[in-house]
Amino acid sequence: RDLAKPDPALFHQACDRLNVPPSEVWVIGDSELDGVLARQGGAAGWISVTWGGSPPAATADAVVDQVSQLAVCPD
């Protein structure tokens, strides 16, 4: 079966391969389809990337202009 966004099976497959529960993962993307994938897949949330010009996705939990603005914070 070919998987494509926003099929949550795609997200679950990636989480399985990384051995991380979906509920502990934030989806990062630049379209509402990324948000649909995150919500349907049970992600912790999703971050909209605008690339400095696109409007932010209305359903995003957070918005950044560039992926480089993100940082991993240890528990």
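The exercises below concern salt bridges, helix packing and backbone geometry in a predicted model.

**Exercise 1. Which side chains meet aspartate 34 and aspartate 61 in salt bridges, and where do the partners lie?**

Solution.
1. The structure holds two salt bridges.
2. In one of them, aspartate 34 pairs with lysine 5, at 2.8 Å from N to O. This pair links distant parts of the chain: lysine 5 belongs to the segment before helix H1 (8–18), aspartate 34 to helix H2 (residues 32–41), and they are 29 residues apart.
3. Aspartate 61 pairs with arginine 39, at 3.0 Å from N to O. Arginine 39 is in helix H2 and aspartate 61 in the loop between strand E2 (45–49) and strand E3 (62–64), so this bridge ties together parts 22 residues apart in sequence.

**Exercise 2. Is aspartate 34 buried or exposed?** **Classify its partner and the residues of the other bridge as well.**

Solution.
1. Buried means under 20% relative accessible area, and partly exposed runs from there to the exposed class, over 50%.
2. Aspartate 34 has a relative accessible area of 5%, so it is buried.
3. Lysine 5, at 42%, counts as partly exposed.
4. In the other bridge, aspartate 61 is partly exposed at 42%, and arginine 39 is partly exposed at 46%.

**Exercise 3. How do the axes of H1 and H2 cross, and which residues make the contact?**

Solution.
1. Two packed helices are described by the distance between their axes and the angle between them.
2. The axes of H1 and H2 come within 8 Å and cross at roughly 70 degrees. Angles of 65 to 115 degrees count as roughly perpendicular, so H1 is roughly perpendicular to H2.
3. The crossing of H1 and H2 is right-handed.
4. H1 contributes Pro8, Leu10, Phe11 and His12 to the contact, and H2 contributes Leu37, Gln40 and Gly41.
5. Sorted by class, the contact has four nonpolar residues, three polar and no charged ones.

**Exercise 4. Where is the cis peptide bond, and which residues have a positive phi although they are not glycine?**

Solution.
1. The cis bond joins lysine 5 and proline 6, with omega about 5 degrees. Proline 6 is in the segment before H1. Lysine 5 is also the partner of aspartate 34 in a salt bridge.
2. Asparagine 19 has a phi of about 55 degrees. Asparagine 19 lies in the loop between H1 and strand E1 (26–29) and is exposed, with a relative accessible area of 71%.
3. Tryptophan 51 has a phi of about 60 degrees. Tryptophan 51 lies in the loop between E2 and E3 and, at 47% relative accessibility, counts as partly exposed.

Notes. Residues numbered from 1 in each chain as written. Predicted model: local features only at pLDDT ≥ 70, side-chain atom pairs only at ≥ 80, totals over all residues. Heavy atoms only, no water. Salt bridge = Lys/Arg side-chain N within 4 Å of Asp/Glu carboxyl O. Helix = DSSP H or I, 4+ residues; strand = E, 2+ residues; numbered from the N terminus. Buried < 20%, exposed > 50% of the residue type's maximum accessible area, 1.4 Å probe, protein only. Axes fitted to C-alpha atoms, helices over the stretch in contact; angles between N-to-C directions. Parallel < 35°, antiparallel > 145°, perpendicular 65-115°, else oblique. Left-handed = near helix turned anticlockwise from the far one by under 90°. Contact = heavy atoms within 4.5 Å. Nonpolar A, V, L, I, M, F, W, Y, C, P; charged D, E, K, R; others polar.
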